[in-house]
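Here is a walk through one protein chain, taken a region at a time. Please keep the sequence and the 3D view at hand while reading.

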Amino acid sequence: MKNKEYWFWLCNIHNIGLKKIQAILDLYETPERAFHESEKGLECLNILTDADRLMIRKSKDSAKIQENYAKVLDKGIYFVTKEDSEYPDKLRNIYNPPHALYVRGNLPKNQIGSIAVIGARNCSEYGREVSKYIASELAKAGLQVISGLARGIDGYAHQGALAVEGSTYGVLGCGIDICYPVENFSLYMDMQKEGGVISEYGIGVNPNAGNFPMRNRIISGMSDGILVIEAKEKSGSLITVDLGLEQGKNIYALPGRINDRLSTGCNNLIKMGAKLVTEPKDILEDFFLNYEKIEMDTKKNDKLLETHEKMVYDSLSFYPKHMNEIAGETNFCIYELSEILLSLELKNYIKQVRKNYYVCIP
């Protein structure tokens, strides 16, 4: 067997997790030595149960190991261990780094800045538009956007980066061959062309709840900073923030309305010292010392709009606004306003996110 196959064997023994693998490596130094010399030495590892030792012995089927490893490669999956130069440098020194990663596409480049964009699964329309907008601007500036490919903010951040042909990477809490949630399958496929999909879990591992807090350390570990867009007071995103703080990462948060439950977590982070973000340059100026503070507007150039269209467009933002409220602010009657809104939609300046509620398109 080859070196990678010994690593593959060690990382795929049933019920042998990170700490047990590390104990085996501490004793034998390499997976190859563990494979060939562990018949008696395993007895001295107190971290292992009798069931673990039996499972290790049963797993030593060279032909089966080689067959399973070949299946991984046949599926276009790369298996990268800590010994490999491709392994992300930023992960090497975190607490409990993964011993190996499964990759479809590419891994983030070590020499390029990376930002994690995370937040609520059940996000608002405002959170959706802001995450797409900020992620697209960060990607356009050259940063790698990392998230968890979950529904909500994660998925929209990936979309924003892909929209400008930027690099974006999704870290899974399940097997590398499983897209979870299934509605993000198009994203799962597209990201492999402009970035990559990454997991420490091999083929067929289900998206169990306990896997996701573990995968969060990889999201934060591969990033230089973490941006939170919409998070409740007790949110899974805050687990990633805690891990990021332990790893010495910059923390950023988007402020929100004080009576909005989805903003409680972000507002609390800002109280505790996270950098308040209202525009992409708040992040970019920390990544690029020579960053020129060019004007970045969340709205499109409105010089091509008619006067009445401009009035309506100026009254809108990323927060959904009802037609009646727009009419009250612009003094247009509902019939006239309907025509203007339709014209702005056709010109791709705004969109209707639900019946009679409109937002700007960045």
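Between strand β11 (350-354) and strand β12 (357-360) runs a loop that holds Asn-356. In this predicted model, Asn-356 has a positive phi of about 70°, although it is not a glycine. Its relative accessibility is 23%, so Asn-356 counts as partly exposed.

Glu-29 also has a positive phi without being a glycine, here about 75°. This residue sits in the loop between helix α2 (18-28) and helix α3 (31-41). Glu-29 counts as exposed because its relative accessibility is 60%, and the cut-off for that class is over 50%. A further positive phi, of about 60°, belongs to Glu-165, just after helix α8.

Helix α8 itself deserves a longer look. Is it enclosed by the rest of the structure, or open? Eight of its eleven residues are buried, so α8 is largely enclosed by the rest of the structure. The buried residues of α8 are Ile-153, Asp-154, Gly-155, Ala-157, His-158, Gly-160, Ala-161 and Leu-162.

One neighbour of α8, which spans residues 153-163, is helix α9, spanning residues 185-194. The axes of the two helices are 11 Å apart and form an angle of about 45°. The angle falls in neither the parallel, the antiparallel nor the perpendicular range, and α8 and α9 are therefore oblique to each other. Their crossing is left-handed. On the α8 side, the residues that meet α9 are Gly-155, His-158, Gln-159 and Leu-162. On the α9 side, Leu-187, Asp-190, Met-191 and Glu-194 take part. Sorted by class, this contact of α8 with α9 has three nonpolar, three polar and two charged residues. The spacing of such positions has a general background: an α-helix has 3.6 residues a turn, so residues three or four places apart point the same way.

The loop between strand β5 (168-171) and α9 contains Pro-181. A cis peptide bond joins Tyr-180 to Pro-181, with omega about 0°.

The cysteines come next. A disulfide is a covalent bond between the sulfur atoms of two cysteines. How many disulfides does the count come to? The count is zero, with the limit for a pair of sulfur atoms set at within 2.5 Å. For Cys-266, the closest cysteine sulfur is that of Cys-123, and the 12 Å to it is too far for a bond. Cys-266 counts as buried, at 0% relative accessibility. Cys-360 is likewise in no disulfide, as the nearest cysteine sulfur, again in Cys-123, lies 17 Å away. Cys-360 is buried too, with a relative accessible area of 1%.

Last, the view of the whole chain. The protein chain has 16 helices and twelve strands. Taken along the principal axes, its C-alpha atoms fill a box of roughly 85 × 40 × 35 Å. Of the 362 residues in the protein chain, 51% are buried. Among contacts in the protein chain with a separation of 6 or more, 68% come from residues 24 or more positions apart.

Note on methods:
Residues are numbered from 1 along each chain as its sequence is written. This is a predicted model: local features need pLDDT of at least 70, side-chain atom pairs count only at pLDDT 80 or more; totals for chains, interfaces and linings use all residues. Side-chain values use heavy atoms; hydrogens and water are left out. Axes are lines fitted to C-alpha atoms, for helices over the stretch in contact, and angles run from 0 to 180 degrees between N-to-C directions. Helices (H or I, at least four residues) and strands (E, at least two) are DSSP runs, numbered from the N terminus. Angles under 35 degrees count as roughly parallel, over 145 as roughly antiparallel, 65 to 115 as roughly perpendicular and the rest as oblique. A crossing is left-handed if the near helix is turned anticlockwise from the far one by less than a right angle, and right-handed if clockwise. Contact means heavy atoms within 4.5 Å. Ala, Val, Leu, Ile, Met, Phe, Trp, Tyr, Cys and Pro count as nonpolar, Asp, Glu, Lys and Arg as charged, and the others, Gly among them, as polar. Buried means under 20% relative accessible area, exposed over 50%, partly exposed in between (1.4 Å probe, protein chains only).
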